[in-house]
Every structure is written in structure tokens, then in C-alpha cells.
Amino acid sequence: MTLEQQDKQYILQTYTRSYVNFVKGVGSTIYDENGKDYIDFASGIGVNSVGHANKTLTKAICEQANNIIHISNLQVIEPQVKLAQKIVELSGYDMGIFFANSGAEANEGAIKIARKYGEIQFDKKRYKVITLEHSFHGRTITTVKATGQESFHTPHFSPYPDGFSYEKSIDDIYKAIDDETVAVLIELVQGEGGVQPFEKEAVQKLAQYLKEKDILLIVDEVQTGVYRTGEFLASNLYEIEPDIITLAKGLGGGVPIGAVMTKHKEVLSAGDHGSTFGGNYLSTTAGLAVLEVLSGLYDNGLIDETLLYFSNKLRMIAAKYENLFEKEVGLGLMRGLRAKSAQIQGSIIKNAMAEGLVVLKAGRNTVRFLPSITITKKEIDEGFIRFEKVISSL
Ligand SMILES: *Cc1c(COP(=O)(O)O)cnc(C)c1O
């Protein structure tokens, strides 16, 4: 049997996947079983933040695996504490952290914190959470309900939990708030929804308003966090101080980890929340190595340099191929080209593989770029040479 046939026999077919079999990666170049190389402009959907086979990360993981991979949250876990401290210091927010294993789980934690806050803080319990259209918050029953895309709320999985509604725009959130609203949950740059950043002023105004009304602002930074937008958190870039922030994708460099951080450290108490794997030795050691690498680059101005270089390239392509693209969108190293049709988007994603380039889609017609934060100029150059080959043959 071929690998494709085995996949179809043994794996539940929940993804439309390609059958390129990758076996090795170095930096932002990955190799398939035939030795063909691909430039990785996707980084595993924003996960491989330090690229493939990063020496600092793999060394830390190997050493940790040789000592302890896992004990349990019934004992203190030194790398977990250190990672939390590092995240707090880099963010500049006085917050406490709970570690989970994925973005959806981090958002579940955020919603639990919000709901308990809504109970202990007010005479009449507040529990409603407002989100935005085109958002994406995860695949659990609750986070999929929080996701503002009707197509995700199929009746197959109903009934869904109550208390979630979504609005078209930030301006619409104000009039959707009622006396049962406990929180507003947003991404600052919608990733899956089409790489769409919100206006800084509009976000700051919303944050200010929510603070006055004692409504929590939850920022889903599962995709935008860990230097993706050029700052440690997109919340830093937007100069806001959310009540709750969630992280996941880039934090472990490929080792599963999620985190929910909040300034309301007293809301959850013993027994309120938990996770068997969350924050174990392996994942938090990986997180520490990732932050060591990336904070070092940031301090030397190298992340800024990379994102400027990448965005200049993208801008040139958008200008040169106005026949294919409406515009260039996104922030930092979270970028997209809005194609003139879904068909153009589809052909690009498909043909790119043949040219040795991995790119992603987002929304209905956006080609999405989520390179690793450590991508080199040489890899960027080569990726765009391949990208131009793909689009010039359309
Ligand atoms: C990917 C993503 C999630 C879900 O993360 P999982 O690890 O797949 O559960 C949630 N929110 C945002 C903004 C994401 O990009």
C-alpha cells in the first residue's frame, strides 16, 4: 500500500491533505522523501517559529527528554515556572499563566476564567461572550461556537453552549453589549479569516470602553503571539492591556503547548481547571528555548529586519501582479495576498507545491504567508523566486 492509501485506511479523513511526504527540515527549507526541497512559507501554520531543526531548540528538547519528560501538575514544574516568568517579563503585563496543550484549550481556559469572573464580580451573573465575524477560536464544541463563521456551526454537533454571539465589526460590538455580557473575545489580526488586521485606534477605543464597563477583553493571540507581528505580543504592538490573552502556535516551536494568561489571578482557585499534559517538562522547556532564540533576535533588531524584508518583497509582487491580486494584507510575518478569485487562490496553493514552495490559504481568497520568525533573507529570496514562477504561469 502507498502512504496515501494507508492514510485513507487508518486516519479519519477530516482534512483535505496533500500527500507530499516530508522527512527532513533545516531552517525554512524542508525535504520530501525524494530529496526535493521546498521553501517553507507556512511553518506548520505558524508553529515552527524558529524553523526546522533549530539547534537551541532540539538540544533543549533532547536534554530534557533524557532527564524528565513528564511528572504531573501535582508537583511544581521548574521549567513551567520559568517559562511563565519569561512570558510575563517579555509581555510587560502583570499576569498569571495556566498552561494547556493547544489554542482551543487555551481559549477554553479563557472562557472559563471569564465566566467565573462574571459570577463572582456581579450580583447578577454575566456570562455572554461577544466575538467577531470571520474569527477563528478553535474546534472544541465551545470554541467552535465562539468562532464567528456560520459554516463551522453545523447541526451535526448541536446543541452548542449558550452565550456566544458574533458581530460584523468592532463598531458593532458596542450595541451588542447587554447586562449579561462578561467578555469580548477578538483576534487583533484575524488569521484563518483572511489575515485581516484591525485598526489600532478602534481596538484601543474598544479596550478603553470595556475597561470602563468592567467587561473583560480577551485577545486570542494563538496565531499573533510570540513575535509573529514583530512584537512579542500583538497586544504590545497595539498598546493595549487585555484582561486575558491566549497563546499557542509558535510558543513551543512544534511541541504542543497552549497558554492562557490573565491579570485576574485570583479568579480560578484549586480544582477549577486542570490539564494532565499542560505545562509539562518537555513542552515548557521547548517554550523556553524558543523564547531564548526569538527574544535574542528581537533585542538585536533582527526580527524587524526580517519582516521589513519580507513585506517589501510581498509589496513588489502585489504591485507587479495587479491582474491576480486585489491587495497585500497582514502585519509582521503574518501576511497575505488577497487574490481576485477563490480559483486563483486554489491554483496558487496547488501549483506552489510542484514548484517547491509551501504557502497557505486563508478566508475565501487569500494566499497566506506564515514563515518562521528565523527565516533568512536567502530563503525569502528563493521562496519569492519560486512564488513568481507559480503566479507568472497562471
Ligand atoms: C489556530 C488557532 C486556534 C486553534 O488552535 P489549536 O491549537 O488548533 O486548537 C485558535 N485561535 C486562533 C486565532 C488560531 O489561529
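Is M1 buried or exposed? M1 counts as exposed, because its relative accessibility is 62% (buried means under 20% relative accessible area, exposed over 50%, partly exposed in between, with a 1.4 Å probe and protein chains only). Keep in mind that this is a predicted model, where local features need pLDDT of at least 70, side-chain atom pairs count only at pLDDT 80 or more, and totals for chains, interfaces and linings use all residues. Residues are numbered from 1 along each chain as its sequence is written, and side-chain values use heavy atoms, with hydrogens and water left out.

**The ligand and its surroundings**

- Around the ligand sit S102, G103, A104, N107, F136, H137, G138, E187, D220, V222, Q223 and K249 (a residue is near a molecule if one of its heavy atoms lies within 4 Å of it).
- That shell splits into 3 nonpolar, 6 polar and 3 charged residues. In this sorting, Ala, Val, Leu, Ile, Met, Phe, Trp, Tyr, Cys and Pro count as nonpolar, Asp, Glu, Lys and Arg as charged, and the others, Gly among them, as polar.
- Helix α5 (residues 103-120) gives the most to the shell, with 3 residues. Helices here are DSSP runs of H or I with at least four residues, strands are E runs of at least two, and both are numbered from the N terminus.
- On the backbone side, a polar atom of G103 is 2.8 Å from an oxygen atom of the ligand (a polar contact is a pair of N or O atoms within 3.5 Å; within protein, one must be able to donate a hydrogen and the other to accept it, and residues adjacent in sequence count only if both atoms are side-chain atoms).
- Two side chains join in: an N or O atom of D220 is 2.7 Å from a ligand nitrogen, and an N or O atom of Q223 is 2.7 Å from a ligand oxygen.
- Taken alone, the ligand exposes 380 Å², and the protein buries 82% of that. Accessible areas come from the Shrake-Rupley method with a 1.4 Å probe, and for residues only the protein chains shown count as cover.

**Out on the surface**

- M1 sits in the segment before α1 (3-10).
- Together with Y10 and I11, M1 makes a nonpolar surface patch with about 370 Å² of accessible area. Patches take residues with over 30% relative accessible area and no salt bridge, joining like charges within 9 Å and nonpolar side chains (Val, Leu, Ile, Met, Phe, Trp, Tyr) within 5 Å.
- L308 belongs to helix α11 (residues 302-320) and counts as exposed because its relative accessible area is 52%.
- The C-alpha atoms of L308 and G332 are 7.8 Å apart, although the two residues are separated by 24 residues along the chain.

**Backbone oddities**

- The S158 to P159 peptide bond is cis, with omega near 0°; P159 itself is in the loop between α6 (141-146) and β6 (164-167).
- I45 is not a glycine, yet it has a positive phi of about 60°. I45 lies in helix α2 (residues 43-46) and is partly exposed, at 37% relative accessibility.
- Y227, also not a glycine, has a positive phi of about 70°. Its place is the loop between β10 (216-220) and α9 (234-237), and Y227 is buried because its relative accessible area is 1%.

**Salt bridges**

- The whole structure holds 23 salt bridges (a side-chain nitrogen of Lys or Arg within 4 Å of a carboxyl oxygen of Asp or Glu).
- K128 pairs with D178, and their closest N and O atoms are 2.8 Å apart. K128 is in strand β5 (residues 128-132) and D178 in the loop between α7 (170-176) and β7 (181-186), so this pair ties together parts that are 50 residues apart in sequence.
- Both ends of that bridge are partly exposed: K128 at 23% and D178 at 32%.
- E133 and K168 meet at 3.6 Å, N to O. This pair links the loop between β5 and α6, home of E133, to the loop between β6 and α7, home of K168, 35 residues apart.
- E133 is partly exposed at 24% relative accessibility, whereas K168 is exposed at 62%.
- E328 and R315 form a salt bridge at 3.3 Å, N to O. E328 lies in strand β13 (residues 325-331) and R315 in helix α11, so the pair ties together parts 13 residues apart in sequence.
- R315 counts as partly exposed, at 45% relative accessibility.
- Salt bridges with shared partners join K124, K128, D178, D179 and E180 into one network.
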